Amino acid sequence: MARIAGVDLPRRKQIVYALPYIYGIGHATARRLCSLAKVPETRKVDELTEADVKAIRDAIDANIKVEGDARREVQTNIKRLMDLGCYRGLRHRRGLPARGQRTRTNARTRKGPRKNLGRRA
């Protein structure tokens with residue numbers, strides 16, 4: 001099993017589909033990493049050699065912030081918006097959608113479960 005950036009990659013998947021399991025890597029970045037590391041995209045994770053894994057690790061370390069660093073950067077960006085008091089920061093502070101979605105219906109993921117107000121049977 002390949003362990004990259006503290007994440008165990010799924011064994012039976014192709015490397016280009018396994019790399020997005022790492023926070024901060026999407027499909028386009030995974031393809032770019034495979035080409036930088038000169039690893040075929042169709043190779044499965046359990047078929048990777050130690051040299052392949054090392055090449056992928058080196059490509060990630062040189063080019064991308066992943067896992068803890070990426071999460072920390074996102075959290076500091078959100079905290080900065082909240083401290084500024086801009087619209088997006090206020091939406092984050094109140095736990096509401098920050099990108100213009102409607103809240104009259106839906107938005108349950110951000111708002112949490114419904115609170116019944118004065119409903120009688």
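**Warm-up**

E67 is buried, with a relative accessible area of 17%, where buried means under 20%, exposed over 50% and partly exposed in between, using a 1.4 Å probe and protein chains only. Keep in mind that this is a predicted model, where local features need pLDDT of at least 70, side-chain atom pairs count only at pLDDT 80 or more, and totals for chains, interfaces and linings use all residues. Residues are numbered from 1 along each chain as its sequence is written, and side-chain values use heavy atoms, with hydrogens and water left out.

**Exercise 1. Find the residues other than glycine with a positive phi, E67 and K38, and place each one.**

Step 1: start with the background. Most residues other than glycine have a negative phi.

Step 2: take E67. Its phi is near 50 degrees, and E67 sits in helix 4 (residues 67–84). Helices here are DSSP runs of H or I with at least four residues, strands are E runs of at least two, and the numbering goes from the N terminus.

Step 3: take K38. Its phi is about 55 degrees, and K38 comes just after helix 2, in the loop between helix 2 and helix 3. K38 is exposed, with a relative accessible area of 71%.

**Exercise 2. Work out which side of helix 2 is buried and what covers the buried residues.**

Step 1: list the buried residues. In helix 2 they are T29, A30, L33, C34 and A37.

Step 2: ask why they share a side. They cover an arc of only 140 degrees around the axis (taken from the directions from the helix axis to the C-beta atoms), so they sit on the same side of helix 2. As a reminder, an α-helix has 3.6 residues a turn, so residues three or four places apart point the same way.

Step 3: flip the helix over. A28 and S35, on the other side of helix 2, are exposed.

Step 4: look for the cover. Helix 1 and helix 3 are among what covers the buried residues of helix 2.

**Exercise 3. Describe the largest nonpolar core.**

Step 1: pin down the term. A nonpolar core is a set of buried Ala, Val, Leu, Ile, Met, Phe, Trp, Tyr and Cys residues joined through side-chain atoms within 4.5 Å.

Step 2: count it. The largest has 23 residues, and L9, I15, L19, I22 and I56 have the most contacts inside it.

Step 3: see who contributes. Helix 1 (15–18), helix 2 (27–37) and helix 3 (50–63) each give two or more residues to this core.

**Exercise 4. Check out D52 and L96: where is each one, and what does each touch?**

Step 1: D52 lies in helix 3 and is buried at 12% relative accessible area. Leaving out residues up to four places away in sequence, D52 touches V39 and R43, contact being heavy atoms within 4.5 Å.

Step 2: L96 is in the loop between helix 5 (87–94) and helix 6 (108–111). At 19% relative accessibility, L96 counts as buried. With that sequence cut-off of four places, L96 touches R91, R110 and K111.

**Exercise 5. How many disulfides are there, and what lies over the face of Y23?**

Step 1: a search of the whole structure turns up 0 disulfides, meaning pairs of cysteine sulfur atoms within 2.5 Å. C34 is buried at 1% relative accessibility, while C86 is partly exposed at 26%.

Step 2: R71 lies over the face of Y23, at 4.2 Å from the ring centre. The cut-offs are NZ of Lys or CZ of Arg within 6 Å of the ring centre and within 35 degrees of the ring normal.
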